[in-house]
Amino acid sequence: AFAIYREKHNIPTADTIVAARDNSLLAKSEVAHLIGIDVDTYIRYEAGVLPTIEHGVLLANFVKNIER
């Protein structure tokens, strides 16, 4: 069910989020600040917690910008 939700709303996986942050050379706190969410919330998303749709959009945009 989670995979369907992620796919339907284009929400990146935890592994994708971590890889993007690693490639960006930013700290977790810097990414959280950059996309406008709480650091603890961001850390939970990297640990595999399913983001809200709103946060999923922010994370997807971050991943896209890093992949460019």
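Which helix holds Arg21? Arg21 is found in helix H2. The model described here is predicted. The report starts with the whole chain, then turns to one helix, two loops and a few single residues.

**Overall fold**

The protein has 5 helices and 0 strands. Read along the sequence, its pattern is α-α-α-α-α. The radius of gyration is 11 Å, close to the 11 Å that the globule rule gives for 68 residues, so the protein is as compact as a globular protein of that length. Along the principal axes, the C-alpha atoms fill a box of roughly 30 × 25 × 15 Å.

Of the 68 residues, 32% count as buried. The accessible surface comes to about 4400 Å². Carbon and sulfur atoms account for 55% of that surface. Take the contacts between residues at least 6 apart in sequence: 61% of them join residues at least 24 apart.

The charges can be summarised by their mean positions. There are 7 positive and 9 negative charges in the protein. The mean positions of these two sets are 4 Å apart.

**Helix H4 and its buried side**

Helix H4 covers residues 39–46. Which of its residues are buried? They are Thr41, Tyr42, Tyr45 and Glu46. These residues cover an arc of only 140 degrees around the axis, which puts them on the same side of H4. A general rule of helix geometry is useful here. An α-helix has 3.6 residues a turn, so residues three or four places apart point the same way.

What do the buried residues of H4 pack against? Their partners are H2, helix H3 (28–35) and helix H5 (53–67).

Thr41 lies in helix H4. Its relative accessible area is 13%. Buried means under 20%, so Thr41 counts as buried. Thr41 and Glu67 are 26 residues apart in sequence. In space, their C-alpha atoms are 22 Å apart.

**Arg21 in helix H2**

Is Arg21 buried or exposed? Its relative accessibility is 12%, so Arg21 counts as buried. Leaving out residues up to four places away in sequence, Arg21 touches Leu26, Ala27, Lys28, Val31, Tyr42, Glu46 and Phe62. Tyr42 and Glu46 in that list are also among the buried residues of H4.

**Two loop residues with positive phi**

Asn10 sits in the loop between helix H1 (2–9) and helix H2 (14–24). Its phi is near 55 degrees, a positive value in a residue other than glycine. Which residues does Asn10 contact, leaving aside its neighbours within four places in sequence? The contacts are Gly56, Ala60 and Lys64.

Leu25 is placed in the loop between H2 and H3. Leu25 is not a glycine, yet its phi is positive, at about 65 degrees. With 76% relative accessibility, Leu25 counts as exposed.

**Helix H1 and pairs across the sequence**

His9 lies in helix H1. At 25% relative accessibility, His9 counts as partly exposed. Ala3 is also found in helix H1. Its relative accessibility is 56%, so Ala3 counts as exposed.

How far apart are His9 and Val57 in space? Their C-alpha atoms are 8.0 Å apart, with the two positions 48 residues apart in sequence numbering. The table sets this pair beside others, with C-alpha to C-alpha distances.

| Pair | Apart in sequence | Apart in space |
|---|---|---|
| Asn10 and Val57 | 47 residues | 7.5 Å |
| His9 and Val57 | 48 residues | 8.0 Å |
| Ala3 and Gly56 | 53 residues | 13 Å |
| Thr41 and Glu67 | 26 residues | 22 Å |

Val57 appears in the pair with Asn10 and in the pair with His9. Gly56 is paired with Ala3 in the table, and Gly56 is also a contact of Asn10.

**Summary**

The chain has 5 helices and 0 strands. Helix H4 has its buried residues on the same side, and these pack against H2, H3 and H5. Arg21 counts as buried at 12% relative accessibility. Asn10 and Leu25 are loop residues, and each has a positive phi.

Definitions and conventions. Residues are numbered from 1 along each chain as its sequence is written. This is a predicted model: local features need pLDDT of at least 70, side-chain atom pairs count only at pLDDT 80 or more; totals for chains, interfaces and linings use all residues. Side-chain values use heavy atoms; hydrogens and water are left out. Helices (H or I, at least four residues) and strands (E, at least two) are DSSP runs, numbered from the N terminus. Contact means heavy atoms within 4.5 Å. The radius of gyration is taken over C-alpha atoms; the globule rule is 2.2 Å times the number of residues to the power 0.38. Buried means under 20% relative accessible area, exposed over 50%, partly exposed in between (1.4 Å probe, protein chains only). Accessible areas come from the Shrake-Rupley method with a 1.4 Å probe; for residues, only the protein chains shown count as cover. Lys and Arg count as positive and Asp and Glu as negative; His and the chain ends are not counted. The place of a charge is taken as NZ of Lys, CZ of Arg, CG of Asp or CD of Glu. The arc is that of the directions from the helix axis to the C-beta atoms.
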